[in-house]
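Reader: I have some questions about charged side chains and where they sit. Please take them one at a time.

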Amino acid sequence: MRIETCYFCSSRIYPGHGIQFVRNDCKIFRFCRSKCHAAFKKKKNPRKTKWTKAYRKTAGKDLAIDPSFEFEKRRHVPVKYNRQLWEKTIEAMKKVEEIRQRRSNNHIMQRLRKGREVEWQRDVREVQRDISLIRSPAAGLKQRQAEEETEMEVEPETIQVIDAKGRKQVIEAPVMVPATGEMIEDCGDIEL
Amino acid sequence: MSLYNFKKIAVVPTAKDFIDIILSKTQRKTPTVVHKHYKITRIRAFYIRKVKFTQQNFHDRLSRIIQEFPKLDDVHPFYADLMNVLYDKDHYKLGLGQLNTARHLIDNVAKDYVRLLKYGDSLYRCKQLKRAALGRMATIMKRQAANLTYLEQVRQHLARLPSIDPYTRTIIICGFPNVGKSSFINKITRADVEVQPYAFTTKSLYVGHTDYKYLRWQVIDTPGILDHPLEERNVIEMQAVTALAHLRAAVLYFIDPSEQCGHSIEEQISLFESIKPLFSNKPLIVVLNKVDVVRPEELTEPKRQLIEELEQACAQGNVVNADSNSELRTVPVMRMSTLTDEGVQEVKIEACERLLGHRVTEKMRSKKVDGILNRLHVAVPAARDARARPPVLPPAAARRLQQRAERLARKRKLEREIELEQGDDYVLDLQKNYTEIPEEERYDPIPEFWEGHNIADYIDPDIFDKLAELEKEEELRIAGGMYAVPKIELDETMREIKDLARQIRNKKAILKDESRLTKQSTKPVMPRTSRARAKGRSASQLRDQMEKLGVDMSESETAHFTRTRSRSRSLSAPASKRARTSSASRSVSRPPRDTQGVKDVAMQRKAKNLAHVAIAKKTKKMGLKGEADRFIGTKMPKHLFAGKRGVGKTDRR
């Protein structure tokens with residue numbers, strides 16, 4: 001008895017399940033369920049079908065190349081039974097499995113973490129473009145004017161900035177004003 | 001006609017049936033209607049036809065019978081003799097001869113009466129003549145009744161005769177009654193001859209077929225023969241004698257030394273002596289049957305003596321007259337038991353071999369041999385020199401052959417034998433043959449799966465080294481912090497930006513929902529050109545909105561937006577009508593929307609171009625309908641598709 005793998009989705013086929021197709025060139029295709037079998041008959045490429053393991057590996061979504069995968073290999077020469085060997089092998093198997101799981105999970109998490117940078121970029125762009133929906137340019141104007149009157153002697157500096165639309169503009173350097181409590185909410189540390 | 005198969009003879013009907021058949025045939029197959037007033041020639045022809053028809057049929061049928069019965073001179077003398085024995089040649093010939101005469105008589109009767117009918121002058125006379133003719137023919141047949149019944153019986157018996165081919169290889173078994181001839185034939189062939197303890201169980205010849213050296217052999221079982229002179233033999237014995245006399249076959253003479261057949265050995269040997277002439281020029285074997293009852297060696301003195309004498313005589317070759325073939329001089333005496341199968345095959349093989357040898361020798365002597373010999377040629381390679389080159393077996397091949405022989409000789413106890421020995425408490429235990437695996441481990445159930453993995457895929461001699469390497473590497477990785485979850489601390493600005501972005505997204509979602517709701521509503525909509533309703537825009541609302549956007553509106557009581565036209569106008573002042581003329585000449589009309597908010601003509605042109613390009617790009621890319629494409633607003637305007645015509649039809653619109 002052997003647990004086979006489905007040709008299409010690479011899932012495990014337990015004894016008594018699935019369909020086996022033998023082609024005229026003696027290649028055997030095993031399918032775990034009719035979904036995979038039907039897809040095969042429709043000549044779908046498993047490497048392009050999003051939900052299969054083959055796609056995930058070729059697209060780099062799952063860990064594909066790793067020394068921990070080389071332990072499980074189909075052997076053509078059976079080995080004679082030896083109790084000690086079998087027991088030790090089962091223990092080794094468990095350890096290998098643990099390591100492999102850890103590594104594949106790590107791979108996936110690394111991949112997902114890159115999304116965070118994307119998110120931050122998106123937030124920055126959004127704020128740059130649509131800040132006017134929540135803050136009017138006149139917000140805090142009165143206060144600024146009041147302070148300017150007090151610091152009139154200071155020369156306003158000019159700096160060159162690129163605004164949200166990508167145009168270069170020369171404006172006065174903004175005066176650094178410490179933010180007041182009401183405007184910005186304190187979120188605290190975010191654990192990501 | 002040399003038929004060995006007499007099954008195809010037509011049935012001989014009884015006299016009564018014969019007459020009935022022919023007469024009813026006449027009635028059916030000839031015209032039946034004749035009247036007094038017909039022409040006399042017609043009447044005569046009618047009755048002549050009937051007479052002739054009846055005669056014809058009698059003649060044909062009788063001829064057929066006579067022809068189909070075998071002529072004793074034409075068949076093989078064996079069959080002729082057999083039929084003579086069974087049916088008496090004279091009686092048989094007489095019977096057929098009488099049928100022949102009857103036929104002749106019927107023809108004469110018909111001839112006479114036809115001659116008379118030619119001169120019949122009335123219907124009545126013709127009819128009577130015809131009646132007389134048919135009556136006479138019928139009487140002739142009635143007289144043959146006994147003959148016909150005899151011939152029918154002969155025919156039935158003939159059909160049941162065994163089909164013996166007198167020319168092929170045959171073995172005849174003869175001897176006293178009850179010596180075991182039928183048992184022997186039952187043993188070597190598929191014939192199922194009755195075997196019973198009383199004498200004359202077998203009453204006729206039986207044929208069986210057996211195979212030897214890829215050839216078919218006939219084995220003929222005969223009824224037992226008693227020892228008395230030929231004249232006193234009855235029909236049953238005569239059949240056996242006929243077979244012996246006419247068939248060129250190997251003869252097996254059976255003797256029963258145990259005397260269970262009811263006849264002593266002396267009687268059997270004397271019979272043997274008396275029918276010796278029948279064995280001339282035939283390969284003979286004397287068979288001592290029933291050795292399981294008593295062995296010839298264990299017999300009492302006088303009997304044993306007789307047997308020994310017979311054996312000596314046979315060995316010396318004084319027994320059989322075989323001057324044509326010296327090989328036939330020595331007669332083997334074989335021992336056999338049909339009950340225990342001891343010696344049965346040996347007897348058969350010996351008989352077959354002897355007969356084959358005899359037939360070959362006979363063929364060699366005949367003229368046909370040359371034709372066969374001319375076609376045979378044995379090629380022998382010419383010797384190159386005087387050196388002898390015997391066949392050589394290389395040592396490896398010799399060893400291999402020896403090993404093969406040893407392997408065949410070596411006997412291992414089969415599992416089946418163990419099963420039979422142990423009976424009910426036998427348990428099939430295949431693991432006992434796993435001799436390379438130590439005892440304690442032999443009966444382990446071997447695990448195959450774990451968590452969806454095949455254990456067999458992991459079995460590897462180097463698995464432990466590889467695992468050690470892997471674990472080392474894993475430890476390094478863990479130490480290096482590869483698996484550590486990075487803690488991300490955002491600085492203040494990023495946190496600010498995140499929060500603002502969140503608020504913006506919320507606001508956008510709200511705007512989207514509101515716009516979707518307003519678009520979904522089916523309420524009637526005021527046209528654009530009408531002024532915005534005063535209720536929709538109020539100073540307090542403006543103040544709220546601006547506060548939400550973060551503007552400080554605390555000191556805005558006297559701002560401009562509070563002084564709207566409606567508010568600035570005091571309630572005491574009466575409403576003054578606007579001067580119509582002034583409004584008309586002043587032209588307070590709104591500018592068209594494409595010039596509203598646009599600075600100057602150059603800008604206007606630019607904007608127009610932009611708008612055009614935007615639409616054109618889309619239509620070009622997506623193949624949408626453009627301004628130049630035909631556009632039909634209503635496909636079915638009612639005035640064209642409804643109503644009756646004044647003059648003309650409405651089937652086409």
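Reader: Is Arg505(B) buried, partly exposed or exposed?
Author: The model is predicted. Buried means under 20% relative accessible area and exposed means over 50%. Arg505(B) has a relative accessible area of 28%, so it is partly exposed.

Reader: Which residue forms a salt bridge with Arg505(B), and is that residue buried or exposed?
Author: The closest N and O atoms of the salt bridge are 2.9 Å apart, and the partner of Arg505(B) is Asp123(A). This pair crosses between chains, from helix H3 of chain A to helix H17 (residues 492-520) of chain B. At 3% relative accessibility, Asp123(A) counts as buried.

Reader: Which residue of chain B meets Arg75(A) in a salt bridge?
Author: Arg75(A) lies in the loop between helix H2 (53-58) and helix H3 (83-130) of chain A. Its relative accessible area is 23%, so Arg75(A) is partly exposed. The partner is buried, with a relative accessible area of 11%. The N to O distance is 3.8 Å, and the residue is Asp460(B).

Reader: What is the N to O distance between Asp385(B) and Arg389(B)?
Author: Asp385(B) is partly exposed at 39% relative accessibility, and Arg389(B) is partly exposed at 47%. The two form a salt bridge, with their closest N and O atoms apart by 3.4 Å.

Reader: Which helix of chain A gives the most to the negative patch?
Author: The surface patch gathers Glu147(A), Glu148(A), Glu149(A), Glu151(A) and Glu172(A). Glu147(A) is partly exposed at 33% relative accessibility. With three residues, the helix that gives the most is H4 (residues 141-150).

Technical notes
Residues numbered from 1 in each chain as written. Chains lettered and ligands numbered in written order. Predicted model: local features only at pLDDT ≥ 70, side-chain atom pairs only at ≥ 80, totals over all residues. Heavy atoms only, no water. Patch = residues over 30% accessible without salt bridge, like charges linked within 9 Å, V, L, I, M, F, W, Y side chains within 5 Å. Areas by Shrake-Rupley, 256 points an atom, 1.4 Å probe, with all protein chains shown as cover. Salt bridge = Lys/Arg side-chain N within 4 Å of Asp/Glu carboxyl O. Lys, Arg positive; Asp, Glu negative; His and termini not counted. Charge placed at Lys NZ, Arg CZ, Asp CG, Glu CD. Helix = DSSP H or I, 4+ residues; strand = E, 2+ residues; numbered from the N terminus. Buried < 20%, exposed > 50% of the residue type's maximum accessible area, 1.4 Å probe, protein only.
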